[in-house]
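Visitor: I should like to understand the terms used for a structure such as this one. Could you explain, step by step, what justifies each of them?

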Amino acid sequence: MANLKEIRNRIASVSSTMQITSAMKMVSAAKLKKAQDAITAMRPYADKLTELLQGLSASLDSDSGSVYADNREVNRVLVVAITSNRGLAGAFNSNILKQCTILINEKYAGKQVDFVAVGKKANDFLAKKSNVIANHSSVYDDLTFDNVSAIAEDLMEQFTLGNYDRIDIVYNKFKNAATQIIMTEQFLPIVPVEGAENLSSDYVFEPSKIEIIEHLIPKSLKTQLYKGIRDSFASEHGARMTAMHKATDNATDLRDQLKLSYNQARQAAITNEILEIVGGAEALNN
């Protein structure tokens with residue numbers, strides 16, 4: 001059995017770790033509320049805008065469609081991997097990186113796959129084995145629509161110039177604090193939903209469908225990317241809060257076990273001392 005000093009040191013170490021994980025849990029819980037409110041508020045707007053534009057795109061002739069709906073043979077793919085800048089969030093980042101690996105080895109096997117990293121963890125991992133053309137980890141320092149729009153504009157330019165035939169976004173969709181859903185969304189080209197042309201039949205368009213699409217599609221794409229990053233941001237805090245809660249519980253259990261071991265070791269030491277005293281007293285009497 002370990003000596004008392006060793007156990008005391010372990011108890012102090014575990015208690016210190018428990019205080020850190022408990023503090024991180026509370027910080028993430030406070031940030032989660034704000035991030036959750038933000039993504040919950042913008043989802044209906046983003047979903048309705050996407051639905052309307054898909055309906056408009058489906059109702060147009062192929063010759064009059066937007067440049068962003070140009071379907072080409074897929075040979076060069078750009079994947080936007082959205083992770084966090086920090087760890088200690090359970091499987092939050094590793095799930096995204098696993099999905100990126102699956103895209104490389106399975107879905108786009110034999111094709112050129114490059115990456116845009118949004119988050120330090122994605123950049124650190126992907127840069128070792130793939131081509132990362134841009135790293136936007138600093139976007140979390142000031143997560144606003146304008147800052148994300150600059151990233152979306154660069155992606156749209158890459159597509160319109162023909163540098164890539166398809167662009168996907170991989171991120172964690174926020175469901176609740178304990179659950180995140182891994183999403184792989186096609187960013188470009190825009191894919192009209194089958195039967196979506198009926199969605200636009202009840203609307204009167206001024207000046208025209210084509211002009212509306214030309215103005216709204218870039219905004220819709222920016223909104224889609226912003227929603228993905230916002231979803232990931234809320235998911236990060238939910239995952240970290242859950243991970244730190246479990247870590248705190250585990251540290252509490254370990255501390256209790258160590259205290260029990262400490263008390264047992266101390267009682268054993270006291271018993272041995274009493275036995276030695278009694279044995280010595282009996283020896284003197286004899």
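Guide: Let us begin with the sheet of this predicted model. Five strands form an open sheet in the order E3-E2-E1-E4-E5, and their pairing is mixed. At its edges stand strand E3 (131-135) and E5, each of which pairs on one side only. On average, neighbouring strands of this sheet are turned by 25° against each other, direction ignored.

Visitor: What makes strand E1 and strand E2 a pair?

Guide: Strands count as paired if at least two bridges are found between them. Strand E1 (residues 76-82) and strand E2 (residues 112-118) have seven bridges, in the parallel sense; therefore they meet the requirement of at least two. Within this pairing, Val80 stands opposite Val116 in E2.

Visitor: How do you know that E2 and E3 pair as well?

Guide: Four bridges join these parallel strands, so the requirement of at least two is met here too. Ala117, for instance, has Asn135 in E3 as its bridge partner. E2, helix H3 (residues 120-126) and E3 also make a right-handed β-α-β unit.

Visitor: Which helices lie against the sheet?

Guide: Helix H2 (residues 92-107) packs on the sheet and touches E1, E2, strand E4 (166-176) and E5. The direction of H2 makes about 150° with that of E4. H5 lies across E1, E2, E4 and E5, and runs at about 40° to E4.

Visitor: Why is the pair of Arg43 and Asp231 called a salt bridge?

Guide: The term requires a side-chain nitrogen of Lys or Arg within 4 Å of a carboxyl oxygen of Asp or Glu. For Arg43 and Asp231 the N to O distance is 2.5 Å, so the pair qualifies. Arg43 lies in helix H1 (residues 4-59) and Asp231 in helix H5 (residues 209-285), so this salt bridge ties together parts that are 188 residues apart in sequence.

Visitor: Why is Asp231 called buried?

Guide: Buried means under 20% relative accessible area. The value for Asp231 is 0%, so the residue is buried.

Visitor: What makes Lys222 and Glu153 a salt bridge?

Guide: Their closest N and O atoms are 2.9 Å apart, within the limit of 4 Å, so the name applies. This pair also links distant parts of the chain, since Lys222 is in helix H5 and Glu153 in helix H4 (residues 145-160), 69 residues apart.

Visitor: Are Lys222 and Glu153 buried or exposed?

Guide: Lys222 has a relative accessible area of 17%, which is under 20%, so Lys222 is buried. Glu153 has 41%, which lies between 20% and 50%, so Glu153 is partly exposed.

Visitor: How many salt bridges does the structure hold?

Guide: The structure holds 10 salt bridges. Among them is that of Arg166 with Asp168, whose closest N and O atoms are 2.9 Å apart. Arg166 is buried at 18%, and Asp168 is buried at 0%. In addition, Asp70, Arg72, Arg76 and Asp165 are linked in a network of salt bridges.

Visitor: How do you know that Glu185 is buried, and what is in contact with Glu185?

Guide: Glu185 is in strand E5 (residues 179-188). Its relative accessible area is 18%, which is under 20%, so the residue is buried. Leaving aside neighbours within four places in sequence, Glu185 is in contact with Ile167, Asp168, Ile169, Tyr171, Gln224 and Lys227.

Methods:
Residues are numbered from 1 along each chain as its sequence is written. This is a predicted model: local features need pLDDT of at least 70, side-chain atom pairs count only at pLDDT 80 or more; totals for chains, interfaces and linings use all residues. Side-chain values use heavy atoms; hydrogens and water are left out. Buried means under 20% relative accessible area, exposed over 50%, partly exposed in between (1.4 Å probe, protein chains only). Contact means heavy atoms within 4.5 Å. Axes are lines fitted to C-alpha atoms, for helices over the stretch in contact, and angles run from 0 to 180 degrees between N-to-C directions. A crossover is right-handed if, with the strands pointing away from the viewer, the path from the first strand over the helix to the second runs clockwise.
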